[in-house]
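Thanks for coming. I will take a few minutes to walk through one structure, for those who have not looked at it before.

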Amino acid sequence: MARAGNRENQGWSMPGQCKSMLAGALIAAAALTATPARAADLVRLRVNAFPNAKALPLHAGIAKGIFARHGLALELQLTENSKSQREGLASGAFEIAQAALDNAVAMIEVAKQDVVILSGGDSGMNEFIVQPEISSFADLKGRTVIVDAPDTAYALQAKKILLRAGLHEGADYTVKPVGAVVYRYKALIEDKGNAAGILNLPFNIQAEGHGLKSLGRLIDLLGPYQAAGAFAMRPWVAQHADAVERYLAAYVESLRFVRDPANKTECLALLRDKLKLTDSAAALTYAQLTDPGFGFTPDAKFSQEGFRNMLALRAEIERKAGAPTAPEKYVDLGYYERAMRKLAP
């Protein structure tokens with residue numbers, strides 16, 4: 001099976017810059033800031049996310065001791081691709097995934113695994129990035145579009161956009177899976193034969209520095225979309241409700257820290273450290289992360305409209321007959337609601 005993920009302190013800018021670290025060191029660091037809970041009382045929780053700017057609340061929550069204050073010794077793993085993440089969650093390599101929710105839907109519908117979505121997070125923060133000579137979606141006829149996995153991780157959004165331009169997968173363009181956004185960024189800047197790909201922060205910003213350009217933000221091209229959020233195996237969630245609620249409360253508190261302008265300096269330092277960004281790139285990334293129309297959704301609130309649109313898009317692109325399945329099949333927001341009641345407004 002593919003590796004479930006890399007540890008929290010690895011570099012984000014390029015895979016070759018990653019450094020290994022003992023998971024126990026991270027747990028110990030969290031334990032040092034554990035108040036009011038004693039270190040011995042902390043519950044070990046493994047969370048898997050993608051190595052991009054959207055993991056900032058997790059890094060901030062660890063650095064500021066927020067997860068420890070909620071009684072959690074958080075171990076953060078960074079995944080290489082959607083397939084690895086789905087396999088890791090199903091095998092028990094970690095307990096919670098913080099990533100694109102269409103991965104959860106794919107696990108339920110395709111792999112027939114008992115997964116439940118626990119919260120929202122953001123609308124994707126995605127842009128359709130192309131090589132300099134591409135002026136329109138129609139220009140991608142006969143070209144290669146890179147994705148993470150063909151059935152999830154925003155590949156379906158790319159297919160929908162190209163279908164609107166009259167382009168059909170296979171007949172008019174080729175889809176090439178290359179993995180997480182860091183790998184898509186690398187593929188675009190190193191091989192001009194890769195004509196397009198969907199990138200999010202900070203790689204959409206960095207791509208423009210290499211002469212690539214954007215054909216638009218996906219929320220502008222496709223409308224509301226429930227992209228990222230938290231999900232886990234339903235049997236584990238049912239047996240660990242308290243840990244789940246504490247995690248969601250700590251994540252929301254960490255997200256509030258990131259979105260608070262008073263903490264901008266600390267957040268910029270984390271972005272520079274974790275993504276190896278320049279000062280200007282870190283500033284642009286933080287501005288987009290906190291943009292209310294593009295960045296993090298306040299308090300990781302789940303968008304019912306955005307999720308219905310995501311399900312409808314999956315049904316259309318995968319050519320499934322009948323109406324899309326009701327959201328209730330996939331989502332249980334009871335844990336999130338109870339977590340929110342534990343937090344001050």
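I will start with the chain as a whole, then go through some helices, and end with the cavities and a pocket.

First, a caution: this is a predicted model. The protein chain has 345 residues, and 58% of them count as buried. Its secondary structure comes to 15 helices and eleven strands. If we take contacts between residues at least 6 apart in sequence, 81% of them join residues at least 24 apart.

Now to the helices, beginning with α5, which covers residues 102-109. How many of the eight residues of α5 are buried? The count is eight of the eight, so α5 is largely enclosed by the rest of the structure. By name, the buried residues are D102, N103, A104, V105, A106, M107, I108 and E109. As you can see, charged side chains are on that list too: D102 and E109 are both buried. What do the buried residues of α5 pack against? Two helices are involved, α4 (82-91) and α14 (304-317), along with the strands β4, β5 (115-117) and β11.

One residue of α4 is worth a stop, and that is Q85. Its relative accessible area is 1%, and under 20% counts as buried, so Q85 is buried. Leaving out residues up to four places away in sequence, Q85 touches N48, A49, F50, T79, F94, A97, Q98, A99, N103 and F231. N103 in that set is one of the buried residues of α5.

Next is α7, residues 181-190. Its buried residues are V181, V182, R184, Y185, A187 and L188. The cover over them includes the strands β6 (127-130), β7 and β9, and the helix α8 (203-209).

Further along the chain is α15, residues 334-341. Here G334, Y335, Y336, A339 and M340 are buried. These buried residues pack against α10 and α11, the latter being residues 241-259. Helix α10 itself runs over residues 234-239 and contains A238. Is A238 buried or exposed? The cut-off for exposed is over 50%, and A238 has 55% relative accessibility, so A238 counts as exposed. A238 and Y335 are 97 residues apart along the chain, yet their C-alpha atoms are separated by 9.9 Å.

The last helices I will cover are a packed pair. Two packed helices are described by the angle between their axes and the distance between the axes. Helix α2 (residues 56-63) packs on helix α12 (residues 264-275) at an angle of about 110 degrees, and the axes are 10 Å apart. An angle of 65 to 115 degrees counts as roughly perpendicular, so α2 is roughly perpendicular to α12. From α2 the contact uses L56, H59, A60 and A63, and from α12 it uses C267, L270, L271 and K274. By class, the residues of this contact are six nonpolar, one polar and one charged. An α-helix has 3.6 residues a turn, so residues three or four places apart point the same way.

On to the empty spaces. How many cavities of 30 Å³ or more are there? The count is three. The largest cavity has a volume of about 230 Å³. It is lined by 20 residues, and those closest to its centre are F50, N52, K54, A99 and A100. F50 and A99 were also among the residues that Q85 touches. Strand β4 (96-100), helix α7 and strand β11 (228-233) each supply at least two residues of this lining, and β4 has the largest share, with three. The lining divides into twelve nonpolar, four polar and four charged residues.

The second largest cavity has a volume of about 50 Å³. Twelve residues line it, and I146, V147, Y154, A158 and I198 are the closest to its centre. At least two lining residues come from each of β7 (144-147), α6 (155-164) and β9 (194-199). Strand β7 gives the most, three residues. By class there are nine nonpolar, one polar and two charged residues in this lining.

Finally, the largest pocket holds about 220 Å³ of space. Of its 17 lining residues, D122, S123, Y225, T297 and S303 are the closest to its centre. This lining has seven nonpolar, seven polar and three charged residues.

That is all I have.

Notes:
Residues numbered from 1 in each chain as written. Predicted model: local features only at pLDDT ≥ 70, side-chain atom pairs only at ≥ 80, totals over all residues. Heavy atoms only, no water. Axes fitted to C-alpha atoms, helices over the stretch in contact; angles between N-to-C directions. Helix = DSSP H or I, 4+ residues; strand = E, 2+ residues; numbered from the N terminus. Parallel < 35°, antiparallel > 145°, perpendicular 65-115°, else oblique. Contact = heavy atoms within 4.5 Å. Nonpolar A, V, L, I, M, F, W, Y, C, P; charged D, E, K, R; others polar. 1 Å grid on protein atoms, 1.4 Å probe; cavity = no way out; pocket = protein on both sides within 12 Å on 5 of 7 lines; lining within 4 Å. Points joined across faces, edges and corners; volume = space filled by probe spheres on them. Buried < 20%, exposed > 50% of the residue type's maximum accessible area, 1.4 Å probe, protein only.
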